[in-house]
Structure formats: C-alpha cells, structure tokens
Amino acid sequence: MQDNETGGRVAEKLVKGARISGGQRDKLASDLKKKYEGGRSIRELATETGRSYGFVHRVLSESGVNLRGRGGATRGKAKKQV
C-alpha cells in the first residue's frame, strides 16, 4: 500500500491480468468495498488499482455491495406546467 496525495491509503496497482486469490483477493475486496461505500466510483477504483471496470464490478458484487445506479440526468415524466 502507498499513501496518496490526500494522505489516504491506496490499493497497490496490480499487474494487469495477474490472478488475485485467497487472502489477497479478500483484502482487495474489503478495501474496494470500503472506498465504494465511501463514495468512490467503480471507474475511479479501477484506475487506482490498475484493474478493469469489470473486475472491480465483479469483486464488489461478490462482496455483497449494493451497487449504485448510473449517474447523470435521468428522464422522468415531464412536470406539468401550471
């Protein structure tokens, strides 16, 4: 682990395609879950760890995290003008 510019701990960049299993995967899943629940996006976590979006998404899902919906504007019913 290394400190980032804001003083927090950052998961080490992992070698692309390297297998992550056992205790290492559990530790990574715990770190990702904590950061995701703290407001970080899957894309931010993927960039930070050097893994793909899909990998981070899968690890979070396996960890039982309630994934947030997509951000941005949503289309709803138009409000009726009076």
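Let's start with arginine 51, which sits in the loop between helix 2 (42–49) and helix 3. This is a predicted model, and in it the protein chain has three helices and two strands. Read from the N terminus on, the elements go β-β-α-α-α. Below is a quick tour, from that loop residue out to the whole chain and then into the helices.

**Arginine 51 in its loop**

- Arginine 51 counts as buried because its relative accessibility is 14%, and the cut-off for buried is under 20%.
- Along the chain, arginine 51 and alanine 18 are 33 residues apart, while their C-alpha atoms are separated by 9.5 Å.

**The chain as a whole**

- The protein chain has 82 residues, and 26% of them count as buried.
- Take the contacts between residues at least 6 apart in sequence: 57% of those join residues at least 24 apart.
- The accessible surface adds up to about 6,500 Å², and carbon and sulfur atoms account for 48% of that surface.

**Helix 1 against helix 3**

- Helix 1 covers residues 22–37 and helix 3 covers residues 53–62. The two pack at an angle of about 90°, and their axes are 9 Å apart.
- That angle makes helix 1 roughly perpendicular to helix 3, since angles of 65 to 115 degrees go by that name.
- On the helix 1 side, the residues that meet helix 3 are Arg25, Leu28, Ala29, Leu32, Lys33 and Tyr36.
- On the helix 3 side, their partners are Phe55, Val56, Arg58, Val59, Leu60 and Glu62.
- What kinds of residues make up this contact? Eight are nonpolar, four are charged, and there are no polar ones.

**Salt bridges**

- The structure holds five salt bridges.
- One of them joins the side chains of arginine 25 and glutamate 62, at 3.0 Å from N to O. Arginine 25 belongs to helix 1 and glutamate 62 to helix 3, so this pair ties together parts that are 37 residues apart in sequence.
- Is glutamate 62 buried or exposed? Glutamate 62 is exposed because its relative accessible area is 54%, and the cut-off for exposed is over 50%.
- Lysine 35 and glutamate 48 also meet through their side chains in a salt bridge, here at 2.8 Å from N to O. This pair links distant parts of the chain, with lysine 35 in helix 1 and glutamate 48 in helix 2, 13 residues apart.
- Both lysine 35 and glutamate 48 are buried. For glutamate 48, that label comes from a relative accessibility of 12%.
- Arginine 40 forms a salt bridge with glutamate 48 too, and the closest N and O atoms of that pair are 2.5 Å apart.
- Arginine 40 counts as partly exposed, at 29% relative accessibility.
- Lys35, Arg40, Glu44 and Glu48 are joined into one network by salt bridges that share partners.

**Leucine 60, in helix 3**

- Leucine 60 has its place in helix 3 and is one of the residues that meet helix 1.
- Why is leucine 60 called buried? Because its relative accessible area is 0%.
- Leucine 60 and leucine 32 are 28 residues apart along the chain, with 7.0 Å between their C-alpha atoms.
- If you skip residues up to four places away in sequence, leucine 60 touches Leu32, Lys33, Tyr36, Ile42, Val65 and Leu67.

**Leucine 45, in helix 2**

- Leucine 45 is found in helix 2. With a relative accessibility of 0%, leucine 45 counts as buried.
- Which residues does leucine 45 contact, leaving aside its neighbours within four places in sequence? They are Leu32, Lys35, Tyr36, Arg40 and Val56.
- One of those partners, lysine 35, is ten residues from leucine 45 along the chain, and the C-alpha atoms of the two are separated by 7.9 Å.
- Two residues on that contact list, Lys35 and Arg40, also turn up in the salt-bridge network.
- Leu32 and Tyr36, which leucine 45 contacts, are also touched by leucine 60. Leu32 and Tyr36 belong to the helix 1 side of the contact with helix 3 as well.

Technical notes:
Residues numbered from 1 in each chain as written. Predicted model: local features only at pLDDT ≥ 70, side-chain atom pairs only at ≥ 80, totals over all residues. Heavy atoms only, no water. Axes fitted to C-alpha atoms, helices over the stretch in contact; angles between N-to-C directions. Helix = DSSP H or I, 4+ residues; strand = E, 2+ residues; numbered from the N terminus. Parallel < 35°, antiparallel > 145°, perpendicular 65-115°, else oblique. Contact = heavy atoms within 4.5 Å. Nonpolar A, V, L, I, M, F, W, Y, C, P; charged D, E, K, R; others polar. Buried < 20%, exposed > 50% of the residue type's maximum accessible area, 1.4 Å probe, protein only. Areas by Shrake-Rupley, 256 points an atom, 1.4 Å probe, with all protein chains shown as cover. Salt bridge = Lys/Arg side-chain N within 4 Å of Asp/Glu carboxyl O.
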